[in-house]
Amino acid sequence: MNYKDYDIANFITDEFFIQWIKNPNENNSHFWEKWMVQHPEKRA
């Protein structure tokens, strides 16, 4: 997945992103926290 090209519509339909929001765990939290550090412009 190339999440850096995603917009809000892509994120709200992405199963991995939804899983992190609804049921965060060590694996998906680690991925998304690291991703947000690398792409702070997407945080909002």
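Start with helix 3: Asn-28, Ser-29, Trp-32, Trp-35 and Met-36 are its buried residues. Looking down the axis of helix 3, you'd find those buried residues within an arc of 135 degrees, so they line one face of the helix. Bear in mind that this is a predicted model. The protein chain as a whole has three helices and zero strands, and helix 3 is a handy place to begin the tour.

**More on helix 3**

- The side of helix 3 that faces away from the buried residues carries exposed ones: Glu-26, Asn-27, His-30 and Val-37.
- What lies over the buried residues? The cover includes helix 1 (8-11) and helix 2 (15-22).
- Helix 3 runs over residues 26-38, and its 13 residues should span 18 Å at 1.5 Å a residue. Its end C-alpha atoms are indeed 18 Å apart, so the expected span and the model agree.
- At the N-terminal end of helix 3 sits a cap, Asn-25. A side-chain oxygen of Asn-25 lies 2.9 Å from the backbone nitrogen of Asn-27.

**The chain as a whole**

- If you read along the sequence, the pattern is α-α-α.
- The C-alpha trace spans about 25 × 20 × 20 Å along its principal axes.
- Of the 44 residues in the protein chain, 27% are buried.
- Take the contacts between residues at least 6 apart in sequence: 30% of them join residues at least 24 apart.

**The largest pocket**

- The largest pocket holds about 190 Å³ of space.
- Its lining is made up of Tyr-6, Asp-7, Ile-8, Phe-11, Phe-17, Trp-20, Trp-32, Trp-35, Met-36, Lys-42, Arg-43 and Ala-44.
- Helix 1, helix 2 and helix 3 are the elements that give two or more residues to that lining.
- Which helix gives the most? That's helix 3, with three residues.
- Trp-32, Trp-35 and Met-36 turn up here again: they are among the pocket-lining residues, and they are also among the buried residues of helix 3.

**Phe-11, a residue to look up**

- You'll find Phe-11 in helix 1, and Phe-11 is also one of the residues lining the largest pocket.
- Is Phe-11 buried or exposed? Its relative accessibility is 9%, and the cut-off for buried is under 20%, so Phe-11 counts as buried.
- Leaving out residues up to four places away in sequence, Phe-11 touches Tyr-3, Tyr-6, Phe-17, Ile-18, Trp-32 and Trp-35.
- Two of the names in that contact list, Trp-32 and Trp-35, belong to the buried set of helix 3.
- From Phe-11 to Lys-22 is eleven residues in sequence and 13 Å in space, C-alpha to C-alpha.

**Lys-4 and Gln-38**

- Lys-4 has its place in the segment before helix 1, while Gln-38 is part of helix 3.
- Lys-4 is partly exposed, with a relative accessible area of 44%. Gln-38 is partly exposed too, and its value is 48%.
- How are these two placed relative to each other? Along the chain, Lys-4 and Gln-38 are 34 residues apart, and their C-alpha atoms are separated by 9.4 Å.
- Setting aside residues up to four places away in sequence, Lys-4 touches Trp-35, His-39 and Lys-42.
- Gln-38 can also be paired with Phe-11: they're 27 residues apart in sequence and 17 Å apart in space, C-alpha to C-alpha.

Conventions: Residues are numbered from 1 along each chain as its sequence is written. This is a predicted model: local features need pLDDT of at least 70, side-chain atom pairs count only at pLDDT 80 or more; totals for chains, interfaces and linings use all residues. Side-chain values use heavy atoms; hydrogens and water are left out. Helices (H or I, at least four residues) and strands (E, at least two) are DSSP runs, numbered from the N terminus. The expected span of a helix is 1.5 Å times one less than its number of residues. Buried means under 20% relative accessible area, exposed over 50%, partly exposed in between (1.4 Å probe, protein chains only). The arc is that of the directions from the helix axis to the C-beta atoms. Contact means heavy atoms within 4.5 Å. A polar contact is a pair of N or O atoms within 3.5 Å; within protein, one must be able to donate a hydrogen and the other to accept it, and residues adjacent in sequence count only if both atoms are side-chain atoms. On a 1 Å grid over the protein atoms alone, a cavity is a set of points where a 1.4 Å probe fits but cannot get out, and a pocket is an open set with protein on both sides within 12 Å along at least five of seven lines; lining residues have an atom within 4 Å of a point. Grid points are joined across faces, edges and corners, and a volume is the space filled by probe spheres set on the points.
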